[in-house]
Each structure stands twice: as C-alpha cells, then as structure tokens.
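Please take the sequence and the model together, and follow the account below from one region to the next.

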Amino acid sequence: MVVNNWVQQVSLKGNVIGYQTPRACGTEKVIEEDRMMSLILVALLCCCWTTQAEIFTSISQMTDLIYTEKELVQSLREYIKAEESKLATVKSWANKLDALTRVSTSDPEGYLAHPVNAYKLMKRLNTEWSELETLVLQNPSDGFISNMSIHRQFFPDEEDETGAARALMRLQDTYQLDSEAFSKGKLPGIHSNAILTVDDCFDMGKTAYNDADYYHAVLWLQQALKQLDGGEETEVSKADILDYLSYSVYQMGDLPRAIELTRRLVAIDPSHQRAGGNLRYFERLLSKQLNELKQEYEPASEEPIQLGTYRRPKDHLPEREAYEALCRGEGIQMHEARRSRLSCRYQDGNRNPRLLLRPIKEEDEWDSPHIVRYLDVLSHMEIEKIKELAKPRLARATVRDPKTGVLTTANYRVSKSAWLEGEDDPVIDRVNQRIQDITGLTVDTAELLQVANYGVGGQYEPHYDFSRRPFDSNLKSDGNRLATFLNYMSDVEAGGATVFPDFGAAIWPRKGTAVFWYNLFKSGEGDYRTRHAACPVLVGSKWVSNKWIHERGQEFRRPCGLTEVD
C-alpha cells in the first residue's frame, strides 16, 4: 500500500552502512504531507503492538488479519468521506462569502445602507462564523483512530514481518526460486497477482542485511535494482540500493563487483558520505590481493547477480542438500525393485469388531523402515471439528532442547500447535479410539492429540520423534515414543511434504489420510533411519494432527525382539 510504503520510508532514510557492524543506523528525516496522510501516519505509528510476535507461524491465525484489514479499510473510507463532506461544506461557504464580499467591498457604505445587509453582517459575524469555526474544529478522524486502537493489539509486529521475510528466503532456498520469480508471483504450478515492488524487495534485502545474511541481501537488493532500472516507480532511491548492495557484495568476497557498484554509486551521488571512502578501501584491498597472488586485474562480470552467482553458506544442518532436494521431489529412492515390494490391502485391525464391517484401506509407502498410509481415516466433518477446537488454543510449536530437556521455540520449527484430549469433544475421543483400532496399540499412555497449522514457509527441519536422552525424566512413566500416527487434515497446493533424508523417501499430504511408522525397534532402541522433516509449505495452508504412541502398555501388543535392530 502507498501509505505503508511511505511510513516505511520515514525509518529507512538516513541509514549509514559501516564496516564495524552489519546493522544500519542513522537519523530520521521529517516528511511533511497533507493533513489526511499525517492523521493516518499518527494512527499507524501509535500502534505499539504487544502481541507475541508469532502470528506468521500459523496461516489459520493470519486469516483473521484479512478481515481486520478489510474493516480498517472501511473505517478509513468512512473517515475520508467525512473529511470530504466537511471540506465540501467549507468550500461552499467560502464560495458564497467570496461573491458576497466582492459586492460589499466595492461600496461598503452603500451596501450597509440597506438595513437587511447590515442585519445579515451582524448575524454572520456573531453566529454563522462561529458555526463555521465549530465545523472546522471537528475531527472526523476520531472514529478511525478509535477503530485502530481496538484492533492494534492483534496486529503483527516487527518480528512477524521479519519472520515472514525470512520465510520467503527459506522457500527461495528450498525450492530454488530466484528473486524475480517471487517478485512476479511466479511459483511452481501457480501464477498470481501477488507481486513484490521495488520497496518490498529492498526491505527484504535490508532484513537479510541486518541479520548479516549477505547472501540473501545480495539477491533481493539486486532484484530491487533491476526493477528500479526497469522504470518501476519507488520511494527508495537508487543510491540507497547501491549503498547496501555494494557492501553486501563485498562481504560475499566479490571485490571487483563491489568496486563496480560503488563507482556507480559515486557517479549518482558524488557527495555520498561513505561511497568515496568505501571505493578507495575496496580498490586498495583488491590491489593488495592481486599483488600477493601476482594476478592481473579483471573487471567485474557484466552478468546480473542471480541465483547461483554466489554459493549459499553452510549451516547447522548436515543433510541440508538432500533434505531440500527431497522437498522438491528430487532424489527419491523409489526404484522398481522397491516399488515391486509395495502393496495395498484392506486392514481390519486383526479382526477388530469396529473394523470388520468397514476395514481401513492401507497402502505401503516404504518397505524398510515400513511406512504405511491409511485412507479415509478422518472425514471432512471430523477435520473441521478438530480445527474448530484447536484454533483458539494454537500457540507457537516448541522443541525440546537436547542439552537441557527444556521446551523452547526454534527457527527450524515454524508452526503453531494445540493439544486436544478426549474429554474436549466426542470427535477427539472417537479419533483416539480409531487410531488404537487401526494400529493395535493402546493409546492410554499416548500423548494428547497434537494439532498443528503451518504458517508462511512453515516447516520442521529434520528431527527424530523419539528421545535420544537416556535419562530423560519424561520417559520414566510412559517410556519413549514408540510410533507416530500422522493425520493429514488438508491438501497442500505446493510443498509441505514429509521427507526422510536417510533413505530418500517423500510422502505428500492428502487430506483425510494418515501415515504410520515405528520410531523404535522391538528392542526399544531408536531407529535412526526415521529422522524426518516437514518441508516448507510453498503455497497453501497445511493442517496435521499427530498421535505419539508410547512404549508402556504395548508389552503384549508389540513384544520385544531378540536382537537390537529387530
């Protein structure tokens, strides 16, 4: 929105880039606009939001903001209408008085010689001008400001905006999408009018820059520059983009290109407070490197910076490349020999009375470890009821710190979850019983039904469901997580697969189905092959519910094996 872009520019102007810190700092420029824009700005800047900064982690909760924004737009239009009505009245009064004063000032005595004119002059100055003064002093913005105050407690904050920006970068990496595809709304299998402007791309680049993530900063700042050079209107200046971009390129180790970009900056703004010093520093540094290596200077490539120009830095995840490839549907180890070992069947839960007349359809998804998918596990009505119960309870999903055992939030798990028990509603009790009937395992010692909704770029990077801490106090009563029963409660247009990097499997969400696997061998030892991940959701809203079944109570339902990996 124009207003939003204008507000952002107030804080972006005057930023200073230095070599001591990747953070931008500086002073604000005072921007004067007309009264309407000032009132809107005050309303927006007065919103000192106090939310938990986790709205972006759940699509479900973000949908409420759509209706909030619609209501605010209606309130804004009502304010504009009131201002226009007020202004029209004042203009009409001014036009009438303008004509009247032209006549009265041409011959004041002659005008006042008529008693009616004298009376009306007294009346206007005593009464009508006072009424006009009251009208002018009225503030039609009060209703709009009041509405903003009511809704602002539910607004996302800076951390939400930053989290959403990082999510786009995560999707960019996982699905190998260039910044231009994103900016034009071109995602795999879908094309929409959801475009990113120059200002949006610049803000994305700044978010990465402030995180010292110069790899993504370069990609997004380059896209901002490309769109600006293409003639797109923008609030941000070309000098600002080149300022951030040149330093980010320098941080990526590309001195020739950093010099070329800085020279362009100097050509645009010779008095720039940093450009000249930066250029001399880059040139000295490059000269020193060339002398040490005894090489000749080669000008920077004229090819635009794009995905693949620079290598993405390594991170904490050793199987990053394999994991992301599986998310894209690449590297899946489903060869013909394995496929021939997979089959489908009707499953009655070992003659379970509740399944005899209506057995469950069971499909093999993988042979070893054995992963199966059950069809038509949840009906549409059951799914909607579960979502209805979960929505008010959704909170940022947590993970257990492997060192301390304490539950905490983490960037590698982006979703919101809620825990439902059988007493909450007959539907939950019925679903729990159905899981027990299908698996043949008791759910008396299982965890509550966990419902999760994934937000922008929602994901859960590779992890184990079972605990690897031998003295975990949480295992004393019910034992470790023996098995996972995962219900898919929505279809996902793109992304969102469940992948197993260790053996190259990818399982795609299908609404109403569920997948099941054992996390432990019969010996009780963890099956490390079951390390799995929830791929980032590219397009859509992903809903799942998990039932983690524990060891206690399964002694005669799944007896111990004689070997460690049986």
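In this predicted model, Ile241 touches Val198, Phe202, Leu221, Ala224, Leu225, Leu228 and Val236, when residues up to four places away in sequence are not counted. Ile241 belongs to the largest nonpolar core, which has 57 residues, and together with Val249, Val499 and Leu538 it is among the residues that touch the most other members. Two or more residues of this core come from each of several elements, namely helix H7 (158-174), helix H9 (198-210), helix H10 (214-229), helix H11 (238-251), helix H12 (255-268), helix H13 (275-293), H14 and strand S19 (537-539). The largest share, 10 residues, is supplied by H10. Apart from this core lies another one, of 34 residues, and among its members are Ile360, Ala446, Tyr464 and Leu482. As a general background to such groupings, nonpolar side chains in soluble globular proteins tend to be buried together.

Helix H14, already named as a contributor to the largest core, spans residues 320-327 and also holds a charged residue, Glu324. Is Glu324 buried or exposed? Its relative accessibility is 4%, and because buried means under 20%, Glu324 counts as buried. Leaving aside neighbours within four places in sequence, Glu324 is in contact with Asp173, Thr174 and Arg312. With Arg312 there is also a polar contact, in which the two side chains are joined at 2.7 Å.

Elsewhere in the chain, helix H3 (residues 59-106) packs with helix H5 (residues 115-137) at an angle of about 150°, and their axes are 10 Å apart. Angles over 145 degrees count as roughly antiparallel, so H3 and H5 are described as roughly antiparallel to each other. The crossing in which H3 passes H5 is left-handed. On the side of H3 the contact is made by Lys86, Thr89, Val90, Trp93, Leu97 and Leu100, and on the side of H5 by Arg124, Glu128, Trp129, Leu132, Leu135 and Val136.

Helix H3 also contains Leu65, a residue that is not listed among those just given for the contact with H5. At 21% relative accessibility, Leu65 counts as partly exposed, since the buried class is reserved for values under 20%. Leaving aside neighbours within four places in sequence, Leu65 is in contact with Ile55, Phe154 and Pro156. The C-alpha atom of Leu65 is separated by 9.5 Å from that of His151, although the two residues are 86 residues apart along the chain.

Methods. Residues are numbered from 1 along each chain as its sequence is written. This is a predicted model: local features need pLDDT of at least 70, side-chain atom pairs count only at pLDDT 80 or more; totals for chains, interfaces and linings use all residues. Side-chain values use heavy atoms; hydrogens and water are left out. Helices (H or I, at least four residues) and strands (E, at least two) are DSSP runs, numbered from the N terminus. Buried means under 20% relative accessible area, exposed over 50%, partly exposed in between (1.4 Å probe, protein chains only). A polar contact is a pair of N or O atoms within 3.5 Å; within protein, one must be able to donate a hydrogen and the other to accept it, and residues adjacent in sequence count only if both atoms are side-chain atoms. Contact means heavy atoms within 4.5 Å. A nonpolar core is a set of buried Ala, Val, Leu, Ile, Met, Phe, Trp, Tyr and Cys residues joined through side-chain atoms within 4.5 Å. Axes are lines fitted to C-alpha atoms, for helices over the stretch in contact, and angles run from 0 to 180 degrees between N-to-C directions. Angles under 35 degrees count as roughly parallel, over 145 as roughly antiparallel, 65 to 115 as roughly perpendicular and the rest as oblique. A crossing is left-handed if the near helix is turned anticlockwise from the far one by less than a right angle, and right-handed if clockwise.
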